[in-house]
Amino acid sequence: MNKQLTILFLLATTVCQAQSQISAQDALKLASQNRPALAAARLRVEEARATAKSLGALSPLELAVGASSRNDVGATDQDLALTQGIDLFGRQRSAKALGAAGVERALAAYRAEASELQAEVLTAFAEAVSARHQSEVSNELLTVAEGLFNATKRRFDEGKVAELQVTRASIELERAKQASELRRADFAAAIKRLSGLLGARADTLNVEPDASIEVLTSPTVDQRPDLLELKAEVLIAEAEAKVASVSNRPEFSLQLVRSPWGNDRGYFVGRAQITWAIFDHGRARNESRAASLKAEAARKQLLDSTTKAKLELEATKIEIDARQARIQRYEAILGSARELVAKSQKGFSEGFGTQIDVLEATRALREVEQELVEARQQLSLAVIDQYKASGFLAEVLK
């Protein structure tokens, strides 16, 4: 007997070690490590940074070498020339600002991708937690049904109750078994869906039945991806307006040139060159105006979206407060419901209670447990909505 108990203990220990209990943060960390979609979003940020560096780079150092078959035809002082453009009039600075704005837009896009992934993972995690809790509740109710059936069968054998009550107890026991099997299947399916979002094997994952998602204490809307993207659009439009306004400014360069190849003795001289488009037929002015209008439209859109986002965040707080209060009330009722079941079982087993008392107490416990599980899941979903409304992003996803 001791040997069998030892084997069962070792098997249980092995299963517990194989399945790691994960929290919400653990789930997000696994998703951050394993999901290619998030890696792709990070690469797009790096792409934007590389683009910004290219836009803000200095003008290239140009080497010009040429020769003609006749010395009197073709270039005179450009047979050999080294030219370096110098940004005296702000062309490169404005291009650099445009590149920096592009990086901000890429970062906003990354936060949008990460925020969507976070919501998916946390929703699946909340469903898995709820399914685990439902499974444990069904197992608890199965134990109650088994106790009721055994007590009824014993009292029937003693001739104290009718066979009808044994049939009724067996029906309740079969219903409890079916409910337990269904809840176990629901939990397995929830873990399977969660594993797909985390990029991990389902048989290595498990969740606590009372795991929760942390509520934000003082959230703001400053980090919402859609608002950050609109802010980036404003920056891009302002940078485009600046680029357009400086596009007709002079270009300045320094040159080192050699005398033509035909000279018996070559010599080098320095040269400063300014090139200026003195009339562009209104192109720069209209491009700058178009970009300015684009920036103003983005500001108006940002103002409208910010107002809606703040109201949305306030609405999530109302939902969270209501669900937290509901959970507290159900937790207070749950203790009384369990005590009622225990007393009714004891009374029926000892002969001064009825089977109806046990069935009614069990039904009440089932309803309270079910509503408590639903209330906790609704709280988790409300917290996820709070994350989305505020733009909160877990540290492991940043």
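**Group meeting: a walk through one predicted chain**

Good morning. The structure above is a predicted model. With ring centres required to lie within 6.5 Å of each other, the count of aromatic pairs comes to one. That pair is formed by Tyr 387 and Phe 392: their ring centres are 4.7 Å apart and their planes meet at 55°, so the pair is tilted. Tyr 387 counts as buried, at 5% relative accessibility. Phe 392, with a relative accessible area of 29%, is partly exposed.

Let me now turn to the chain as a whole. Its secondary structure comes to eight helices and six strands. Read from the N terminus, the elements follow the order α-β-α-α-β-β-α-α-β-α-β-β-α-α. The radius of gyration of the chain is 37 Å, whereas the globule rule gives 21 Å for 398 residues; the value is well over the rule, so the chain is more spread out than a compact globule. Along its principal axes, the C-alpha trace spans about 130 × 55 × 25 Å. Of the 398 residues in the chain, 36% are buried. If we take contacts between residues at least 6 apart in sequence, 82% of them join residues at least 24 apart.

Next, please look at helix H3, residues 36-55. What span should its 20 residues have at 1.5 Å a residue? The expected value is 28 Å, and the end C-alpha atoms are 29 Å apart, which agrees. The buried residues of H3 are Leu 38, Ala 41, Val 45, Ala 48 and Ala 52. These residues cover an arc of only 70° around the axis, which puts them on the same side of H3. Against what do they pack? Their partners are helix H2 (24-34) and helix H4 (91-157). The face of H3 turned away from the buried side carries the exposed residues Pro 36, Leu 43, Glu 47 and Lys 53.

My last example is Trp 276, found in the loop between strand E6 (268-275) and helix H7 (283-350). Is Trp 276 buried or exposed? Its relative accessible area is 55%, and exposed means over 50%, so Trp 276 is exposed. Leaving aside neighbours within four places in sequence, Trp 276 is in contact with Asn 248, Arg 249 and Pro 250. The side chain of Trp 276 also reaches the backbone oxygen of Asn 248, at 3.1 Å. Finally, Ala 126 stands 150 residues from Trp 276 along the chain, and the C-alpha atoms of the two are separated by 64 Å.

Thank you for your attention.

Note on methods:
Residues are numbered from 1 along each chain as its sequence is written. This is a predicted model: local features need pLDDT of at least 70, side-chain atom pairs count only at pLDDT 80 or more; totals for chains, interfaces and linings use all residues. Side-chain values use heavy atoms; hydrogens and water are left out. Helices (H or I, at least four residues) and strands (E, at least two) are DSSP runs, numbered from the N terminus. The expected span of a helix is 1.5 Å times one less than its number of residues. Buried means under 20% relative accessible area, exposed over 50%, partly exposed in between (1.4 Å probe, protein chains only). The arc is that of the directions from the helix axis to the C-beta atoms. Contact means heavy atoms within 4.5 Å. Rings of Phe, Tyr and Trp (its six-membered ring) pair if their centres lie within 6.5 Å; planes under 30 degrees apart count as stacked, over 60 as edge-to-face and the rest as tilted. A polar contact is a pair of N or O atoms within 3.5 Å; within protein, one must be able to donate a hydrogen and the other to accept it, and residues adjacent in sequence count only if both atoms are side-chain atoms. The radius of gyration is taken over C-alpha atoms; the globule rule is 2.2 Å times the number of residues to the power 0.38.
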